[in-house]
Amino acid sequence: MKNKIRVLIAKPGLDGHDRGALVVARALRDAGMEVIYTGLRQSPESIAETALQEDVHVVGLSSLSGAHGHLFPAVVQEMKKRGLEDVLVIGGGVVPQEDIDDLRAQGVRRIFTPGSSMRQIVEYIESEVEPS
Amino acid sequence: MPCDRTGSRRLSSARRQWEDEVLNKALRRFSESREQFRTISDLPVDRLYDPTHVEQVDYVDDIGFPGQYPFTRGVQPTMYRGRPWTMRQYAGFASAEESNQRYRYLLSQGQTGLSVAFDLPTQVGYDSDHPMAQGEVGRVGVAIDSVDDVSVLFNEIPLDKVTTSMTINAPAAVLLAMYVAVAEKQGVDPAKLGGTIQNDILKEYAARGTYIFPPHPSMRLVTDVFAYCSENLPLWNTISISGYHIREAGSTAVQEVAFTLANGIAYVQAAMERGLDVDRFAPRLSFFFNSHIDFLEEVAKFRAARRLWARIMRERFKAKNPRSWMLRFHTQTAGSSLTAQQADNNVVRVAYQALAAVLGGTQSLHTNSRDEALALPTEASARLALRTQQVLAHETGVTHTIDPLGGSYYIERLTTDIEEAALAYIERIDGLGGAPQAIEKGFIQREIQESAYRYQQKVEREEEKVVGVNCLVTEEEPPTDLLRVDPKMTARQHARLEQLRKARDNDAVMRCLESVSAAAQSEDNLIPYMVDAVTVGATLGEICGVLREVFGEYQSQVTL
C-alpha cells in the first residue's frame, strides 16, 4: 500500500486568521493525506521541532499579517538546523507578488495567494512529494 | 401582515392562475438557470414572494416604527434624515507618527470618526521588542508600547471633538487606561470622551485569535471596563460585540447573528452577576457586523439582529430602559469577499456591501479598500473607499426615507426566517450552558469551520461564482503600488522603548505594577491601577506580563 503524504499546517507568529489554514488542512485530509495542525502563535523553532517529531513530507505555513517575509524564512532556517532540507515548505496568505520571489530564494518553494483553489494545492503537493 | 380571509383566498387563486397561465408556459419554453436558488448562507430563496409569505408577520408587533421597540426599522426615529452614519475607516500601520498622519488625512477628507487598528504584538500584550513580536511590529496596525505612543497617535486631534473606536480586546482595559491618560494630558475631561472599545473577548476564542488570558479572568476585565465607564466615561461604548470576525472566519449570516447575540447574552449575564444594574450598562453596549456580498440577505440580517436583541433584552433580561433594548451597530464590508485577482472589482463589491449596511440601518461604517486582499491600503485606496460611502450618503438619495426596503415581502420574510434560525441556535447554545461553555466545547468553532469548508467547496464546484477567480478570469500584471511598512520602523520602536525605560522613574513603575498585580488578585476594579501605571510610563507588555503571571494564559485546543 502506498504511504500517505504527511503534512504539517502551521501558523507562525501572532496572526489569528486560521480560516485558510483550516480549510486547506481539511482539503488535504479529504485528499487522503495525513494532516497535523499546530494551532495559532507558533514560533519558527516550535514549528521546525514539530516537523521533525512528526516526520512530515510537507510544511504549509500560513500568515495573513504581513510577517511572512520574516517568519517563513525563519522556519526554513530552523528546519535546516534540524536536517530537514528535503521537506517541502510552502506558504499561503496575503503575500504580494514582489515578495514571492524573495521567499522562493529563501527556500519557500511555492506561495498560494488568495483565490487559490484547494485542488491546485492538492495537485501541487502530489506532484512534488513521493511519500517514503 | 395578515390580510382578511377573502383577500387571502383571492390572492391564492390569483397566484395559482398566474402560475398556470403565465409562469408554467414560460418555464416550458425557458427553464430557469438552476433548479434551486439559495443565499450565500444556504437559505432557500423562492421564485417570488407575495403577501402569503408574510402572513405570520404582524406590522405593529414585528416591524413597528423606527426608534421604537422592537426597532426592526431602525434605532433612531429619523435615521439618516437627522444625520448620516459615522464614516469610520479602520486604519493604522507602522508607528504612531505614520498612523497619526493617516488619521489627520482621513479627517481632512471628511471622515467623521476615528478607528484605530493595532498591530498584533499590541493586541496580544507584548512590547515591540518581545521575541514573539519579531516580524509583526507595525504590520497589521500601529505599534503601541506606552502612553507616549498613544499621545503621538492623537497629536493635534482633540479627543473631545472626535469619537474613537479602538479594535483591542484582550488588553482593552490597558489601552482604555492609556486613552484616558492622554485625554487628561490634553486637558479633556474623561466624562466628555466618546468612542468605543471592542473589548469582546469571547469572539477572540471563537474566531479572531488574539486572546491572552483564560475566559474567566478575561470576562472580569470586560466587566471592569463596564463598571469603570459607567462611573467615569458615561458617553463611551464599553464593548463592541462583534459578528464581523465570526463571519470572516466563514460563518453564515444566521450564525453571525446567533453567535454574536449569544456572546452578548453572556456579557449581560456576567455584568449582572457582578451586581451591575442592567439599565445602567446595557445602553452602552454596541455591536459590530459584517456586510457581505449577498445583498438582500444582509439587509434582512441587520433588521433581524436588531429585533432579536430588543426582544432578548426586554423579555429575557427584563431591561426597562428603551436604550437597553437598542442594538446599535458598526458595519465593515467583508474583507473575505475581496479578491486579489482584478483588484479594482473590489471597489464595486464594497459599494454594494456599503449600500446593504445603510439599507440595514447601520450607525457607522467602514468601507474596505480595493487592495486589501494584497496589503494594507495605500492613501489613494483609503480615500476611494471613503469616497464610496460619501457618494452613497450625499448622492444616491437612499438616506431620504427610513428603512426603504421594509415591507418588501421577501425582506420581511427573510428577516423573520433569520431571526427564527438565530434564536434556535441561541437555544442550542443555552443548552450547552451559554456561549463561554459552547466555545470551550469547540461547538461554535466547529460550526464556523464547517460553514467555511462548505462554502469553499461550492466555490470549487463553481456553484458560487466569484468574478475573476472561478469565472471571467483574465491574465493580468500584479499590482505594484502597494503599501510597504518601512522595515526600519521596528528598530525605531525598539529604540523608543529603550529610551523610555531609561528616562522614567523605574521605582514608581515597579510600585504601580505591584499594585496592578495586587488588584488583579483582589476583586478591585483594575482600571484605576492601570491608569496610574501607564501614567508613570509602565508599558503595555509590562502590565500584561503582570496579568499573565496572575491570570495565566489561554491555550486553545486545536480542532481539525
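Q: How far apart are the end C-alpha atoms of α1(A), and what span should its twelve residues have?
A: This is a predicted model, where local features need pLDDT of at least 70, side-chain atom pairs count only at pLDDT 80 or more, and totals for chains, interfaces and linings use all residues. Residues are numbered from 1 along each chain as its sequence is written, with chains lettered from A in the order in which they are written. Helices here are DSSP runs (H or I, at least four residues), numbered from the N terminus, and the expected span is 1.5 Å times one less than the number of residues. For α1(A) that should give 16 Å, which agrees with the end C-alpha distance of 16 Å.

Q: Is α1(A) largely enclosed or not, and how many of its residues are buried?
A: Buried takes 20 or more other C-beta atoms within 10 Å of a residue's own, with C-beta atoms placed from the backbone. The list for α1(A) includes A:Leu22, A:Val24 and even A:Arg26. The helix is largely enclosed by the rest of the structure, because the buried count is nine of the twelve.

Q: Which element of chain B helps cover the buried residues of α1(A)?
A: Cover goes by contact, meaning C-beta atoms, placed from the backbone, within 7 Å. From chain A, the cover includes β1, β2, β3, β4 and α5. Chain B adds α18 (443-460).

Q: Which element gives the largest share of the side of chain A that touches chain B?
A: In all, 29 residues of chain A are in contact with 32 residues of chain B. Elements giving two or more residues to chain A's side are α1, β2, α3 and α5. The largest share is five residues, from α1(A).

How values were computed:
Contact = placed C-beta atoms within 7 Å.
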